[in-house]
Amino acid sequence: MKRIFIAFVVFTLGLLAVSTYQALFVAPTEQTMGEVQRIFYYHVPSAWTAGVCFFVNFLASVVYLWKRNLASDAVAAASAEVGVTFCTIVLITGPIWARPVWGIWWTWDARLTTTLVLWLIYVSYLVLRRFSAGGQTQVLAAALAIFGFVDVPIVYMSIRWFRTQHPSPVMGGGENSGLDPAMLHAFFWNLAAFTCVGIVLMVVRYRLQMLEEEVEATHAAAALQGGPR
Amino acid sequence: MTTLGVTRTTLLKDLRMEWRSKDAINSMLFFALLVVVIFSFAFNPTAEESRRIAGGLIWVAFLFAAVVALNQTWARELRNQVLDAYRVSPAPPNALFLAKAIGNFFFVVVLEALMAPLFVVFYDLRSVGPVWQLIVVALLGTWALVVNGTFFAALSIRTRSREIMLPLILFPISIPALLAMVDATTSILTGEASPDFWIKMLAVYDVVFTAVCLLLFESVLNAE
């Protein structure tokens, strides 16, 4: 198992090297936006990875409430942390891109606001995990995770009605949408690479969580047998 | 006892206790009053353009005040291990949840009814749109805040920093409901837009989250 994981890490690093090369050197420079558009190859794959992480978090939370096993709770904890990390990258790369292109750092439009609210929800999830005690953490966190996930489409719908400025989806949109094939190529390399980085981080964090549980269980057992050791 | 019976008994007990102590309603009222006064320093409250921000202001005041009451929801039951007793009893958990949520709903609606005239006086409010729509928005919006708030209060009561935890987890989830309440209220007050979409949104939000709360409350009550 460990050998497979190490092989996967090596594979991910290779993929990351190729995708970085693709994004910075192979992909053509965008006509109107110039070099700054290359941030796209980091911005969108990060958003995708964050989305995947939050979805994993939701599934793991449902499984936890159903089966009550520590492993699915560890998956939930790991995916939430990694998801918040990638969501933070999205929220940082976004303004860096928006400033030269839109002329402003931030706009309260549907997708930006939804991403920010998403980030807030999962940060509150992490805060709850940090502040709840002992064996209750898992159930409380799983309940909040379900609330958060149910909330996301409602947030999106409401803010979409409120205001919109973010470009409509470039891929799979109307007639004038679509990327240059060379850009699409680089984009998919980055999408694959970021997804793999996300998986690697989640696996590492999952292992850490399970080790923490083990340490806690050992301490508890030692305390039951009398005195700290 | 049936679900309805347990709900009614618990609700009546809470209302009677509140009627005798008036803890929640007094602290909420005073808190909301403070918010109104402090807001008035931030901008000129009687200016014509303040009508546009009145919706946001009213709901922020009610939201903060509601948190004060919500935080006290379960504290009373924690003393003397009432919650533990409830867990070992055969009474349905959702009956307890509903009673608490309805109780909180009642307190916050009373607060709103008492505060509304004050807002009208202090901020010189006049509604251009129909007033009954404001009442619909208030009822739907209050339930949206209170149903999640009651649930999250049950979560936060089990954490280390109880009182701080509730707003931290309640506010992010409530953002769409708040947006709907604020925008609906502003549309009605200014009469510039139709609040229909927001009222429907609030109704959907209420239905969805009431269902989620009822689905998950048993797990949270029995969390060990």
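These are my notebook entries on a predicted model with chains A and B.

**Entry 1: chain A as a whole**

I began with the secondary structure of chain A and found six helices and zero strands. Read along the sequence, the pattern is α-α-α-α-α-α. Next I looked up the extent of the chain: along the principal axes, the C-alpha atoms of chain A fill a box of roughly 70 × 45 × 25 Å.

How much of chain A is buried? I noted 41% of its 229 residues. The surface that chain A exposes comes to about 12,100 Å², and carbon and sulfur atoms supply 70% of that area. I also checked the contacts in chain A between residues at least 6 apart in sequence, and 76% of them join residues at least 24 apart.

**Entry 2: a loop residue, Val36(A)**

I then turned to Val36(A), which sits in the loop between helix H1 (2-26) and helix H2 (40-67) of chain A. Is Val36(A) buried, exposed or partly exposed? Its relative accessibility is 24%, so I put it down as partly exposed.

Which residues does Val36(A) touch, leaving aside neighbours within four places in sequence? My list reads Ile96(A), Trp97(A), Pro100(A) and Val101(A). I added one C-alpha distance: Val36(A) and Ala98(A) are 62 residues apart along the chain, and their C-alpha atoms are separated by 9.5 Å.

**Entry 3: salt bridges**

My reminder for this entry is that side chains of opposite charge can pair when their charged atoms come close. Over all chains the count comes to eight salt bridges.

I took Asp73(A) with Arg129(A), where the closest N and O atoms are 2.8 Å apart. Asp73(A) belongs to helix H3 (residues 70-102) of chain A and Arg129(A) to helix H4 (residues 110-131) of chain A, so this pair ties together parts that are 56 residues apart in sequence. I found both Asp73(A) and Arg129(A) buried.

In chain B I looked up Arg76(B) and Asp14(B), a salt bridge whose closest N and O atoms are 3.7 Å apart. Arg76(B) is in helix H4 (residues 75-78) of chain B and Asp14(B) is in helix H1 (residues 3-21) of chain B, so the pair links distant parts of the chain, 62 residues apart. Buried or partly exposed? Arg76(B) is partly exposed because its relative accessible area is 23%, whereas Asp14(B) is buried at 5%.

Lys100(B) pairs with Glu77(B), and here the closest N and O atoms are 2.7 Å apart. With Lys100(B) in helix H6 of chain B and Glu77(B) in helix H4 of chain B, the pair ties together parts that are 23 residues apart in sequence. I noted that Lys100(B) is buried, with a relative accessible area of 3%, and that Glu77(B) is buried, with a value of 5%. Shared partners join Lys13(B), Asp14(B), Arg76(B), Glu77(B) and Lys100(B) into one network of salt bridges.

**Entry 4: helix H3 of chain B**

What span should helix H3 (residues 50-72) of chain B have? At 1.5 Å a residue, I expect its 23 residues to span 33 Å, and the end C-alpha atoms are indeed 33 Å apart, which agrees. I did find a kink of about 25 degrees in H3(B), centred on Gly56(B). As for cover, 17 of the 23 residues of H3(B) are buried, so the rest of the structure largely encloses this helix.

**Entry 5: a nonpolar patch on chain B**

I looked for nonpolar surface and found a patch of about 730 Å², made by Phe30(B), Leu34(B), Val37(B), Ile38(B), Phe41(B), Val121(B) and Phe122(B). Two elements give two or more residues to the patch: helix H2 (23-42) and helix H6 (93-123) of chain B. Which of them gives the most? The answer is H2(B), with five residues.

I checked one patch member more carefully. Val37(B) lies in helix H2 of chain B and is partly exposed, with a relative accessible area of 33%. Patch members need over 30% relative accessible area, so Val37(B) at 33% passes that cut-off.

**Entry 6: positive phi values**

Last, I looked at backbone angles. Most residues other than glycine have a negative phi. Which residue in the loop between H2 and H3 of chain A did I write down? It was Arg68(A), whose phi is near 55 degrees, a positive value in a residue other than glycine. Arg68(A) is partly exposed, with a relative accessible area of 41%.

In chain B, I noted Gln81(B), where phi is also positive, near 55 degrees. Gln81(B) lies in the loop between H4 and helix H5 (82-88) of chain B.

Methods
Residues numbered from 1 in each chain as written. Chains lettered and ligands numbered in written order. Predicted model: local features only at pLDDT ≥ 70, side-chain atom pairs only at ≥ 80, totals over all residues. Heavy atoms only, no water. Patch = residues over 30% accessible without salt bridge, like charges linked within 9 Å, V, L, I, M, F, W, Y side chains within 5 Å. Areas by Shrake-Rupley, 256 points an atom, 1.4 Å probe, with all protein chains shown as cover. Salt bridge = Lys/Arg side-chain N within 4 Å of Asp/Glu carboxyl O. Helix = DSSP H or I, 4+ residues; strand = E, 2+ residues; numbered from the N terminus. Buried < 20%, exposed > 50% of the residue type's maximum accessible area, 1.4 Å probe, protein only. Contact = heavy atoms within 4.5 Å. Expected span 1.5 Å × (residues − 1). Bend = angle between axes of the 7 residues up to and from the residue.
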